[in-house]
Amino acid sequence: MKKVYLVGGGPGDPELITVKGMKLIQSADVIVYDRLVGRKLLAYAKPGAELIYVGKQAGRHTFTQEEINRLLIEKAKEGKLVVRLKGGDPFVFGRGGEEAIALRRHGIAVEVVPGVSSAIAVPALAGIPITHRGIASSVVLVTGHLAEKKEERLDYASLKGDTIVILMGVKNLPKIIEEFKKSRPPSTPVAIIEKGTLEEQRVITGTLEDIIERAQEAKLTPPAITVIGEVVRLREEIM
Ligand SMILES: C[S@@+](CC[C@H](N)C(=O)[O-])C[C@H]1O[C@@H](n2cnc3c(N)ncnc32)[C@H](O)[C@@H]1O
């Protein structure tokens with residue numbers, strides 16, 4: 001049985017994949033891929049490779065995590081070279097760990113091929129370094145996907161990083177920004193980067209006080225990353 005490769009596809013721009021990731025795409029028998037994987041990457045698959053989309057799709061059945069795990073196990077057991085292609089890095093809010101554990105439990109070897117995470121690359125390409133000497137020496141990467149039960153929700157106000165990077169936060173942004181306002185000055189700079197690294201990229205900037213209004217005016221849609229902290233000001237000098 002061959003290994004299953006959990007490959008990070010990078011943040012969107014198809015050129016931002018690793019050399020190792022690209023070589024695996026070119027040699028895979030089966031590629032199981034998500035919504036945020038740059039479609040242009042799939043053009044590098046070999047002729048006859050099976051390309052299986054497991055991301056969300058309006059009006060159609062969406063694969064559960066268990067079904068994805070089962071699919072990977074089944075294809076690996078058929079002796080195929082399986083690439084599980086994910087957006088960004090497989091282990092950054094990508095459920096890559098869950099898939100690796102499920103495969104290992106079935107005696108299937110797994111290799112992780114890290115990817116360029118959107119958490120770092122999307123701010124970078126918008127001119128925002130998430131750390132900067134004298135300004136930010138710590139970063140917190142956080143999900144904006146609120147837990148169903150209120151008591152299990154993250155306490156955003158208590159997070160201590162100099163820079164906060166929020167993924168998956170578009171829907172809940174108003175609630176999350178309200179939380180940050182409890183512990184940070186209203187003048188704290190904020191940037192939201194929509195469809196980062198792609199041609200359609202948009203950057204909305206403001207402060208904790210006015211960013212929600214600006215995001216609503218701009219009709220922000222996912223995927224987007226929100227950066228909170230003084231590093232956002234550097235964009236003016238860097239871009
Ligand atoms: C399920 S998480 C996966 C993150 C991925 N594993 C990574 O390392 O980039 C999806 C979230 O990543 C962020 N994201 C991914 N690609 C993005 C892009 N090109 N522009 C803006 N945000 C992006 C968004 O916050 C999106 O909701």
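**Exercise 1.** Find how far a polar backbone atom of Pro11 is from a nitrogen atom of the ligand, then work through the ligand's surroundings.

*Solution.*
- Step 1. The distance from a polar backbone atom of Pro11 to a nitrogen atom of the ligand is 2.8 Å. A polar contact is a pair of N or O atoms within 3.5 Å; within protein, one must be able to donate a hydrogen and the other to accept it, and residues adjacent in sequence count only if both atoms are side-chain atoms.
- Step 2. Val92 has a backbone N or O atom 2.7 Å from a nitrogen atom of the ligand, and for Gly196 the corresponding distance is 2.8 Å.
- Step 3. The protein buries 88% of the 570 Å² that the ligand exposes when taken alone (Shrake-Rupley method, 1.4 Å probe).
- Step 4. The ligand is surrounded by 18 residues, the closest being Val92, Ser117, Ser118, Gly196 and Ala224 (a heavy atom within 4 Å).

The model is predicted: local features need pLDDT of at least 70, side-chain atom pairs count only at pLDDT 80 or more, and totals for chains, interfaces and linings use all residues. Residues are numbered from 1 along each chain as its sequence is written, and side-chain values use heavy atoms, without hydrogens and water.

**Exercise 2.** Describe the interface of domain 1 and domain 2.

*Solution.*
- Step 1. Domain 1 covers 4-113 and domain 2 covers 118-238, by an automatic or database domain assignment.
- Step 2. Eight residues of domain 1 contact 13 residues of domain 2 (heavy atoms within 4.5 Å).
- Step 3. The rule finds zero salt bridges across this interface (a side-chain nitrogen of Lys or Arg within 4 Å of a carboxyl oxygen of Asp or Glu).
- Step 4. One residue pair is in polar contact between the domains, both at pLDDT 80 or more.

Terms used
Buried area = accessible area lost by both parts, 1.4 Å probe.
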